[in-house]
Amino acid sequence: MTGHQFLSMAKAIQYLGDATSAQQLLGTLQSTLQSETKQIENAIESKNFELIQKLLHQFKGFAPVFCHDSLIAKIKLTESLCKEIKDSEGSQLALQACGNLLDNLKLLLAEVNAHLSGQA
């Protein structure tokens with residue numbers, strides 16, 4: 001259960017109170033990540049910052065249960081950058097942050113998949 005860059009099952013167990021609840025909710029995290037990473041990827045391609053911000057805002061409420069604090073901070077920062085775009089420089093900065101966060105969310109999904117398949 002340790003050694004993950006983004007997934008913290010220990011944090012989830014502490015937050016939810018037991019390993020069974022954490023394991024059950026992990027499946028929800030998996031399906032959410034599968035869906036939302038694709039949506040974020042499409043939104044980045046179309047520069048739909050409003051949709052990205054909406055998806056990150058929703059995920060931000062869920063992330064503290066399973067994610068290390070460093071990823072939560074990246075989610076908050078990226079959401080903020082998407083909200084506060086005022087010019088092309090801000091747009092480029094938000095796009096870069098979105099791309100980096102998307103890579104991190106895909107790694108989180110890989111960690112979740114590995115854990116659920118018993119490889120972690």
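Contact means that heavy atoms lie within 4.5 Å of each other. The exercises below concern a predicted model.

**Exercise 1.** Determine which helices help to cover the buried residues of helix 2, and describe how helix 2 begins and what follows it.

*Solution.*
1. Helix 2 spans residues 19-45 and reaches 38 Å from its first C-alpha to its last, close to the 39 Å expected at 1.5 Å a residue.
2. Its buried residues are A22, L26, L29, L33, E36, T37, I40, A43 and I44.
3. The cover over these buried residues includes helix 1 (9-16), helix 3 (49-66) and helix 5 (88-116).
4. At the start of helix 2, the backbone nitrogen of T20 has a side-chain oxygen of D18 within 3.1 Å.
5. After helix 2 comes K47, with a positive phi near 55°.

**Exercise 2.** Classify the aromatic pair formed by F62 and F66.

*Solution.*
1. One aromatic pair is found in a search of the whole structure.
2. In this pair, F62 and F66 are 6.1 Å apart, centre to centre, with 35° between the planes.
3. Planes under 30 degrees apart count as stacked and those over 60 as edge-to-face, so the pair is tilted.
4. Both residues lie in helix 3, four residues apart, about one turn of the helix, and both are buried.

**Exercise 3.** Identify the residues with the most contacts inside the largest nonpolar core, and list what F59 touches.

*Solution.*
1. The largest nonpolar core has 34 residues, and L29, F59, F66 and L108 have the most contacts inside it.
2. Helix 1, helix 2, helix 3, helix 4 (69-83) and helix 5 each supply at least two residues of this core.
3. Leaving aside residues up to four places away in sequence, F59 touches L29, T32, L33, E36, I75, L105 and L108.

Definitions and conventions:
Residues numbered from 1 in each chain as written. Predicted model: local features only at pLDDT ≥ 70, side-chain atom pairs only at ≥ 80, totals over all residues. Heavy atoms only, no water. Expected span 1.5 Å × (residues − 1). Buried < 20%, exposed > 50% of the residue type's maximum accessible area, 1.4 Å probe, protein only. Polar contact = N/O pair within 3.5 Å; in protein donor to acceptor, adjacent residues only side chain to side chain. Phe/Tyr/Trp six-rings, centres within 6.5 Å; stacked < 30°, edge-to-face > 60°. Core = buried A, V, L, I, M, F, W, Y, C linked by side-chain atoms within 4.5 Å.
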